[in-house]
Amino acid sequence: MTFEEFQKRSRFGPDEILAYARGSLLTDAPAGLPGLPGYLLLPFHEVTRLDWDEASGTGVIEAVRRNRFDDWFYGCHFLSDPVMPGCWGVDAVWQALRVFAGWRGVDGCEKTMGMDGVSFFGQIRPYDGEVVYEVDVLSVERSGADVMITGKAAVKVDGVPVYTIASAQ
């Protein structure tokens, strides 16, 4: 797909997310476009919503992971009480912001800058079904060649919130 076609989409399926992570989704990807980690570290399988409001300078990205009982991390974190590592769920919010940046054509935001107000009040367990990362993009700020995208997020498991993040950059 071309970059222009990519920007007109508001959702991407599992094969498209994997192709984006591999760098093969776009036939004419602009230089500096943020990417995603490789297969084992890919935190979500699809993007179900992308939206941008030009007037307010805000947007939304919603990404979904189809949790599997045999996901690689459950065998080692923790042996008698398997859970998805909390930091991996938090990292998924940063990765969602990277997809949002790529979709908007924003380069210069290859590095994560920080996160504030992280609250955990649940876990992601092997028997859970769907993990949803809902990220409200609050601002896109430019300073020369650097760009900082700030969002707040909720991580939900089967519709129940388990983490919130007040600010991620």
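Helices (H or I, at least four residues) and strands (E, at least two) are DSSP runs, numbered from the N terminus. With that in hand, the loop between strand 2 and helix 3 (86-104) can be placed, and F78 lies in it. A cis peptide bond joins F78 to H77, with omega at about -10°. The structure described here is a predicted model, in which local features need pLDDT of at least 70, side-chain atom pairs count only at pLDDT 80 or more, and totals for chains, interfaces and linings use all residues. Residues are numbered from 1 along each chain as its sequence is written, and side-chain values use heavy atoms, with hydrogens and water left out.

The backbone holds another feature worth a look. D158 has a positive phi of about 50° although it is not a glycine. For context, most residues other than glycine have a negative phi, and most peptide bonds are trans. The place of D158 is the loop between strand 5 (146-157) and strand 6 (160-168). D158 is partly exposed, with a relative accessible area of 45%; the classes used here are buried for under 20% relative accessible area, exposed for over 50%, and partly exposed in between (1.4 Å probe, protein chains only).

Strand 1 (46-53) and strand 2 (residues 58-66) run antiparallel and are joined by seven bridges; two strands pair if DSSP finds at least two bridges between them. Within this pairing, E46 has V64 of strand 2 as its bridge partner. The hairpin of the two strands has four residues between them, and there G57 takes a positive phi near 70°. Ahead of strand 1, H45 sits in the loop that follows helix 2. H45 is partly exposed, at a relative accessible area of 25%, and its C-alpha atom is separated by 9.0 Å from that of E16, 29 residues apart along the chain.

The loop between helix 2 (14-22) and strand 1 also holds Y39, which is exposed, with a relative accessible area of 62%. Together with L40, L41 and W72, Y39 makes a nonpolar surface patch of about 480 Å². Such patches are made of residues with over 30% relative accessible area and no salt bridge, where like charges are joined within 9 Å and nonpolar side chains (Val, Leu, Ile, Met, Phe, Trp, Tyr) within 5 Å. The accessible areas come from the Shrake-Rupley method with a 1.4 Å probe, and for residues only the protein chains shown count as cover.

Aromatic rings come next. The structure holds eleven aromatic pairs, where rings of Phe, Tyr and Trp (its six-membered ring) pair if their centres lie within 6.5 Å; planes under 30 degrees apart count as stacked, over 60 as edge-to-face and the rest as tilted. The pair of F6 and Y20 is stacked, because the ring centres are 5.6 Å apart and the planes are at 10°. This pair links distant parts of the chain, with F6 in helix 1 (residues 3-8) and Y20 in helix 2, 14 residues apart. F6 is buried, with a relative accessible area of 2%, and Y20 is buried as well, at 8%. Along with F3 and F12, these two residues form one aromatic cluster.

Charged side chains also meet. Ten salt bridges are present, each a side-chain nitrogen of Lys or Arg within 4 Å of a carboxyl oxygen of Asp or Glu. D71 and R65 form one of them, with the closest N and O atoms 3.1 Å apart, and both residues are buried. In another, K156 joins E134 at 3.3 Å. This pair links strand 5, home of K156, to strand 4 (residues 130-143), home of E134, across 22 residues. K156 is partly exposed, with a relative accessible area of 23%, and E134 is partly exposed at 27%. Salt bridges that share partners also join E46, R66 and E130 into one network.

Cysteines, finally, tell a simple story. The structure holds zero disulfides, a disulfide being a pair of cysteine sulfur atoms within 2.5 Å. Why is C76 not bonded to C87? The sulfur of C76 is 11 Å from the closest cysteine sulfur, in C87, so the two are too far apart for a bond. C76 counts as exposed at 51% relative accessibility, and C87 counts as exposed at 61%.
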